Amino acid sequence: MSSARRAHRGWFRKNTAALAALVVAVPFAGWWTTRSDYKSWYDADPRDPIAVAAGGTSYAGATWYAASVEEDPQARAGREADPTPSGTTRVRVYFRLQVDDLAALEGLGGCRVQMRAPDGRLWNESFTAGDFQDRPSGCTGGDDSSVQSWRGTSAQYYLKPVAGKPFETVAVFVVPSAVASSVQPTITWATKLPQYLAFPR
């Protein structure tokens, strides 16, 4: 046996433990990285619905009631809204909720209101919905001590919610006309994911 072959064999003998560790470590590192990325994605996906019952469902410090959905709603009185893009429909949703302790409103901040199609697609609120919002938007209700005259009969909705009394907020969406009758209103919080509130239609 040549000295080169003996040296080569000696190198493998000396480094057997290191090579074995490498064979184990590389796949483990790949698995761990993939698992971590998958878990981050999985935990951030709103997939566990909490269905809101017509009689009210307690969640996140509030009692939530069935939502009211209007397809192709009318703009506020005296307003003329721009048409939606071809093949889309405007949808307005009224959410009704109640808090027994006004401090609970702080925990409702940061909610994300969306519309979900049966196939899982999601739509966020429209940014050009001002002519259709006759209630405060968001989950914490309105708070405006100097109510503007244009609100008329809607002015009451812009006052701070009262403990133990239901109040309404509104969200407006622009969705494909093909799914306008089947989209479902949902609300998520980053702190509650993967859960989400689902409002059956």
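Two strands pair if DSSP finds at least two bridges between them. Strands here are DSSP runs of E with at least two residues, and helices are runs of H or I with at least four, both numbered from the N terminus.

This is a predicted model, in which local features need pLDDT of at least 70, side-chain atom pairs count only at pLDDT 80 or more, and totals for chains, interfaces and linings use all residues. Residues are numbered from 1 along each chain as its sequence is written, and side-chain values use heavy atoms, with hydrogens and water left out.

**Stop 1: strands 2, 3 and 4**

Select residues 62–71, which make up strand 3. Add residues 57–59: this is strand 2, which pairs with strand 3 in the antiparallel sense over 3 bridges. Within strand 2, Thr 57 stands opposite Trp 64 of strand 3. The two strands form a hairpin with 2 residues between them, where Ala 60 takes a positive phi near 55°.

Now add residues 88–98, which are strand 4. Strand 4 runs antiparallel to strand 3, and 7 bridges join them. To find one such contact, pick Tyr 65 and look across to Arg 96 in strand 4, its bridge partner.

**Stop 2: strands 1, 8 and 9**

Select residues 48–51 and 195–198. These are strand 1 and strand 9, which pair in the parallel sense over 4 bridges. Ile 50 stands opposite Leu 197 of strand 9.

Next, add strand 8, residues 184–188, which pairs with strand 9 in the antiparallel sense over 2 bridges. Here Ile 187 stands opposite Leu 197. Strands 8 and 9 form a hairpin, and 6 residues lie between them.

**Stop 3: the nonpolar cores**

A nonpolar core is a set of buried Ala, Val, Leu, Ile, Met, Phe, Trp, Tyr and Cys residues joined through side-chain atoms within 4.5 Å. Buried means under 20% relative accessible area, exposed means over 50%, and partly exposed lies in between (1.4 Å probe, protein chains only).

Which residues have the most contacts inside the largest nonpolar core? Select Trp 64, Leu 108, Ile 187 and Trp 189 to see them, in a core of 30 residues. The elements that give two or more residues to this core are strand 3, strand 4, helix 3 (105–108), strand 5 (112–116) and strand 7 (167–176). A second, separate core has 5 residues, among them Tyr 94, Phe 132, Val 170 and Val 172.

**Stop 4: salt bridges**

A salt bridge here is a side-chain nitrogen of Lys or Arg within 4 Å of a carboxyl oxygen of Asp or Glu. The structure holds 6 of them.

- Select Arg 92 and Glu 70, whose side chains meet in a salt bridge at 2.7 Å, N to O. The pair links distant parts of the chain, with Arg 92 in strand 4 and Glu 70 in strand 3, 22 residues apart. Arg 92 is buried at 7% relative accessible area, whereas Glu 70 is partly exposed at 27%.
- Select Asp 119 and Arg 121, whose side chains meet at 2.9 Å, N to O. Asp 119 is exposed at 53% relative accessibility, and Arg 121 is partly exposed at 39%.
- Select Arg 47 and Asp 48, a salt bridge with its closest N and O atoms 3.9 Å apart. Asp 48 is partly exposed at 33%, as is Arg 47 at 25%.
- Select Asp 134, Arg 135 and Glu 168 to see a network of salt bridges.

**Stop 5: the pockets**

On a 1 Å grid over the protein atoms alone, a pocket is an open set of points where a 1.4 Å probe fits, with protein on both sides within 12 Å along at least five of seven lines; lining residues have an atom within 4 Å of a point. Grid points are joined across faces, edges and corners, and the volume is the space filled by probe spheres set on the points.

The largest pocket has a volume of about 270 Å³. Of its 13 lining residues, select Gln 156, Tyr 157, Lys 165, Pro 166 and Phe 167, the closest to its centre. Gln 156 lies in the loop between strand 6 (122–124) and strand 7, and is exposed, with 54% relative accessible area.

The second largest pocket holds about 160 Å³ of space. Its lining includes Gln 74, Arg 76, Trp 150 and Tyr 158. Two residues from the salt-bridge stop, Arg 92 and Asp 134, also line this pocket.
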